[in-house]
Amino acid sequence: MKKVLAFGALALLLVSCKDKEPQLQYYQTPFTYDIVKVQEPPQTNEVRNIIFMIGDGMGLEQVSCAWVLNHGKLNLDNFSSVGLSRTWCTNELITDSGAGGTALAAGQKTGYSHVGTAADSTDLYSILVDASKLGKSTGVAVTCHFADATPCDFCCHNEFRYNQEDLIADYVTCGVDYLAGGGLDWFTVNRTDGRDITKEMAAAGYNVALTEEELMAADLPVVGILSPDNLPVALERGDLFRHMVARGIEMLSKNENGFVMMVEGSCIDDWLHGNDIEKGMEELLDFDRTIGDVLEWAAKDGHTLVVVTADHNTGALTLQDGNLEEGIIGVHFASDSHNGIAVPVYAWGPGSALFTGIRENEDWGKLVASFVK
Ligand SMILES: [Zn+2]
């Protein structure tokens with residue numbers, strides 16, 4: 001009798017496991033490209049420029065899926081130093097982008113939804129501010145609107161990331177030389193106070209560029225606001241994001257003291273929240289293409305540290321089936337929000353050899369900041 005019961009329980013377990021086998025989403029992308037192969041410059045402590053690249057929501061699972069979609073190659077494969085980042089914030093195990101990005105930007109963990117402020121709500125200043133004080137040029141290029149958390153983490157200060165009118169107004173005095181992203185409506189028509197922040201930025205000395213052509217022609221300091229909200233999706237915007245990053249590097253690198261630039265593949269996270277594997281992956285692939293451009297430039301320059309990481313992991317994605325040769329993935333999302341799995345950190349260039357091990361997100365931020373000198 002016992003045996004029969006045990007067998008019955010086992011059979012039930014097997015049936016219920018099979019029932020729980022998730023439905024996989026299969027995807028193969030038209031967004032494939034050749035990667036660059038670059039020679040890493042010698043390891044010295046002489047770092048003139050830093051390009052800090054953040055894939056919002058980009059965990060190792062997402063990178064692995066992108067790698068399969070692009071037939072087993074990514075520009076991230078060029079990075080020889082890799083570590084892991086723990087992303088929890090001071091009052092929650094699972095962070096948001098406000099707290100996750102602030103820890104990277106300012107080297108200090110903070111409370112959930114805080115943007116450029118400490119857990120006690122005092123202002124925190126990012127590596128861009130450190131760099132400015134040393135006479136370096138600074139820049140930000142993102143695919144999201146400027147009221148989104150990560151660009152605000154580097155440029156603005158608020159204890160609540162959805163105080164977006166106040167956050168946008170902070171750009172007027174942020175002192176960052178090159179700003180490129182989306183979200184014109186957040187500067188103008190979305191406001192309840194009637195202010196037009198583009199006019200205030202112009203009065204503060206910024207050249208305001210509202211098209212790609214204007215951005216490519218404008219001198220520093222410049223704010224390029226190239227869409228009403230987030231930039232168009234990766235497949236529709238073509239090379240726009242790459243051009244925004246390249247123009248920033250071109251302008252900022254004229255400073256012989258060097259520059260620090262934050263580049264974000266912002267919308268990876270948005271699409272993963274919606275469990276949209278196609279658009280999430282295309283955003284990640286466009287981010288990796290841009291990483292390739294950055295590495296090509298940095299290899300010629302020889303004095304640039306490139307760091308790539310994520311503020312947190314989104315979507316509890318699993319890669320459960322697929323075909324490397326055909327570039328097909330079969331995936332399942334277990335969540336539509338953030339999770340607490342550690343995210344990868346990649347570094348390349350002078351100083352990169354120190355970027356190994358398992359550290360807190362704030363310690364990775366401090367390590368990057370240690371090269372701002
Ligand atoms: Zn998110």
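Visitor: Before we look at particular residues, what does buried mean here?

Guide: Buried means under 20% relative accessible area, and the structure to which we apply that cut-off is a predicted model. By that criterion, both Phe355 and Trp364 are buried.

Visitor: What makes the aromatic pair of Phe355 and Trp364 stacked?

Guide: Their rings lie 6.0 Å apart, centre to centre, with 20° between the planes; a pair needs centres within 6.5 Å and counts as stacked when the planes are under 30 degrees apart, so both conditions are met. Trp364 also has Arg359 over its face, at 4.8 Å from the ring centre.

Visitor: How many aromatic pairs are there by this rule?

Guide: The count comes to 10 aromatic pairs.

Visitor: Why is the pair of Phe79 and Tyr346 called edge-to-face?

Guide: The ring centres of Phe79 and Tyr346 are 5.9 Å apart and the planes stand at 70°, and because edge-to-face requires an angle over 60 degrees, the name applies. This pair links distant parts of the chain, since Phe79 belongs to the loop between α2 (60-69) and β3 (81-86), while Tyr346 belongs to strand β14 (residues 343-348), 267 residues apart. Both Phe79 and Tyr346 are buried.

Visitor: How do you know that Asn339 counts as buried?

Guide: Its relative accessibility is 12%, and the cut-off is under 20%, so Asn339 qualifies. Asn339 is placed in strand β13 (residues 338-339), and a polar atom of its side chain lies 3.0 Å from the backbone nitrogen of Ile341. Among the residues that Asn339 touches are Thr87, Ile94 and Asn313.

Notes
Residues are numbered from 1 along each chain as its sequence is written. This is a predicted model: local features need pLDDT of at least 70, side-chain atom pairs count only at pLDDT 80 or more; totals for chains, interfaces and linings use all residues. Side-chain values use heavy atoms; hydrogens and water are left out. Helices (H or I, at least four residues) and strands (E, at least two) are DSSP runs, numbered from the N terminus. Buried means under 20% relative accessible area, exposed over 50%, partly exposed in between (1.4 Å probe, protein chains only). A charge sits over a ring if NZ of Lys or CZ of Arg is within 6 Å of the ring centre and within 35 degrees of the ring normal. A polar contact is a pair of N or O atoms within 3.5 Å; within protein, one must be able to donate a hydrogen and the other to accept it, and residues adjacent in sequence count only if both atoms are side-chain atoms. Contact means heavy atoms within 4.5 Å. Lists of a residue's contacts leave out its neighbours within four places in sequence.
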